[in-house]
Amino acid sequence: MRYSEMFLPTIREIPSDAEVISHQLMIRAGMIRKLTSGIYSYLPLGYRVIQKLEQIIREEMNKAGAQEVHLPMVQPVELWQESGRWVHYGKELLRFHDRHDHEYCLGPTHEEVITSLVRNDIKTYRQLPRNLYQIQTKFRDEVRPRFGVMRCREFGMKDAYSFDVDEEAAEKSYEKMFEAYNNIFRRCGLKFRPVEADSGSIGGKYSHEFMVMADSGEDAMVFCEKCSYAANLEKAEVACPEKKIIFEDDWLPLEEINTPNARSIEEVSVFLKVSPQDIVKTLIFNADGKPYAVLIRGDHEVNEIKVKNYIGASDLELASDEMIQKVTGSPRGFAGPVNINIPVLVDYSVIDMVNFVTGANKEDYHFLNVNIGRDFKVEAFTDLRIVTAGDSCPRCAQSVKIARGIEVGHVFKLGTKYSKSMRAFYLDKDGQEKIMIMGCYGIGIGRTVAAGIEQNYDDQGIIWPMPLAPYHVIITPVNVNEKTVMDAAENLYDALMKTGIEAIFDDRDERAGVKFKDADLIGIPIRVTIGPKNLSQGNIELKIRKTGESILCKIEGVVETLQSMIASELKTDTP
């Protein structure tokens, strides 16, 4: 493609409303333009990257036995009422009425639609398993779209859905998708990790997120370098410690003490001259209208996802001031487990504590020397906190680390969440009606592209991995008014086109410095610079964007050299 003919509006200034690097660079490099809040147009350069990613996805999905479909984005209310999500999905679901006053939504995902399709046409075990996928536009009415295409309202997604006869077959489908996802992100040239995750609003029993490693990532992942364990921060487990023997002789008398205006852990710690590790905070939660007390050591943070999952609640939130007053008899900030008549769940961090500090369920008062068993009873000890760096790995007991990442894919074991409520049944070999077992597998298209930029950039611009690069080579003649330079550039461009190498020919009448800056900004992996001095000696300069390395190459062998360099990068399994 000739640069002079391209719709490639690059800009030098950093956009004022772009918060993250990928958003800034995608705008500056002429890849996207904002239409309205959370909705973007992809320009030719950006769309070429999207197409590169989609092609990799299609190849790996097809190889794994999935078949491509295309499902409607507009979905009727009846399907969502069948699954039960019409009410529970929330305000992100954009609902509307047509001219006949029928109610619809714009699809944020397609579990209902695909389940409806399959239940109508698959009737027997002989037609299973099936895995159907699509690459399609979704819409989620985010309350605060941000980070460009990383968290927008309208976005592209690859979503796949598997249907199996039983759990064993569903496990095989899940493993195929897990392997396919690893292949996809390896082929993209990205550094990533699959991590255990919570299934969230999609539902299901088991899931993995695929996280692209990036310091700017909005998600935290916990991983062990000794073994393969990795999980996102919501899901990461804390191993149950080996319980120490506690002697009642060590218990000190319970003591109530006045702590005026000391509510927070920091305020109580300073007032009583104790460390946060000596304090147990009591959090009151409202789980489906029922109060629960959750105890956790003062220097840790509660993981609400773990609390919700342990209780099995549909909805969980911190209790209101009214509920706290009702169950504890005191205002917020003074709750404790002593003389409280609600279920008490205790995090592992408290299991071996003795003579600790808690709220006294009385305004401006705390208890000293509280002990489990003597002063209150526990309904359960379990893992309810957020993991911290240095905690023991739940698999091998080594210390875990925490890194930032960007979620680009998610695979779920859905089980019968949708097939049961929507009656997706089949007849087994004995003629008995059985429920199909489902899996769900998604990849954010634009999000993966943005994550690739967050992982691959420098002060000059994007550094595309070869598999995602919109073009492999940019040919840069330093002076378009010099005939020998332009003839050499034209001949090389023609030769690259004939060999199938994707190239931009920067034929603009601009200063060399301007061309170099644009080439670095848009991130083309190899820049071929043609200047009169090198050309007079029969040479052309190759500049590697990723490393900054410059290579002088004879004109006669440049096409073969480029072919070899590109092929080497495209075949690399790991970045």
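Me: In which sense do strand β17 and β20 pair, parallel or antiparallel?
Reply: The model is a predicted one. Strands of a sheet pair through backbone hydrogen bonds, in one of two senses. β17 covers residues 344-347 and shares three bridges with β20. One of the bridges joins leucine 345 to alanine 380 of β20. The sense of the β17-β20 pairing is parallel.

Me: Which strands are the edge strands of the open sheet of five strands?
Reply: The sheet has mixed pairing and runs in the order β16-β14-β15-β17-β20. Its neighbouring strands are turned by 30° against each other on average, direction ignored. An edge strand here pairs on one side only, which applies to residues 316-318 and to residues 380-382. These are β16 and β20.

Me: What angle does the direction of helix α9 make with that of β14?
Reply: Helix α9, residues 321-328, packs on the sheet. The helix touches β14 (280-287) and also β15 (290-297). With the direction of β14, that of α9 makes about 115°.

Me: Is aspartate 518, the salt-bridge partner of arginine 12, buried or exposed?
Reply: The closest N and O atoms of this pair are 3.0 Å apart. Arginine 12 lies in the segment before α1 and aspartate 518 in helix α13 (residues 512-522), 506 residues apart. Arginine 12 is partly exposed at 39% relative accessible area. Aspartate 518 has a relative accessible area of 2%, under the 20% cut-off, so this residue is buried.

Me: Why are glutamate 60 and lysine 63 separated by about one helical turn, and in which helix?
Reply: Their side chains meet in a salt bridge of 3.3 Å, N to O. Glutamate 60 is buried at 4% relative accessibility, whereas lysine 63 is exposed at 62%. The separation is about one helical turn because the two are three residues apart in helix α2.

Me: Which residues are linked with Glu218 and Arg146 in a network of salt bridges?
Reply: The side chains of glutamate 218 and arginine 146 meet at 3.9 Å, N to O. Glutamate 218 is in the loop between β10 and β11, and arginine 146 is in the loop between β7 and β8, 72 residues apart. Glutamate 218 is partly exposed at 26% relative accessibility, and arginine 146 is partly exposed at 22%. The network also links Glu142, Arg151 and Arg447.

Me: How many salt bridges does the structure hold?
Reply: Among them are the pairs arginine 12 with aspartate 518 and glutamate 60 with lysine 63. The number of salt bridges in the structure is 38.

Conventions. Residues are numbered from 1 along each chain as its sequence is written. This is a predicted model: local features need pLDDT of at least 70, side-chain atom pairs count only at pLDDT 80 or more; totals for chains, interfaces and linings use all residues. Side-chain values use heavy atoms; hydrogens and water are left out. Two strands pair if DSSP finds at least two bridges between them. Helices (H or I, at least four residues) and strands (E, at least two) are DSSP runs, numbered from the N terminus. Axes are lines fitted to C-alpha atoms, for helices over the stretch in contact, and angles run from 0 to 180 degrees between N-to-C directions. Contact means heavy atoms within 4.5 Å. A salt bridge is a side-chain nitrogen of Lys or Arg within 4 Å of a carboxyl oxygen of Asp or Glu. Buried means under 20% relative accessible area, exposed over 50%, partly exposed in between (1.4 Å probe, protein chains only).
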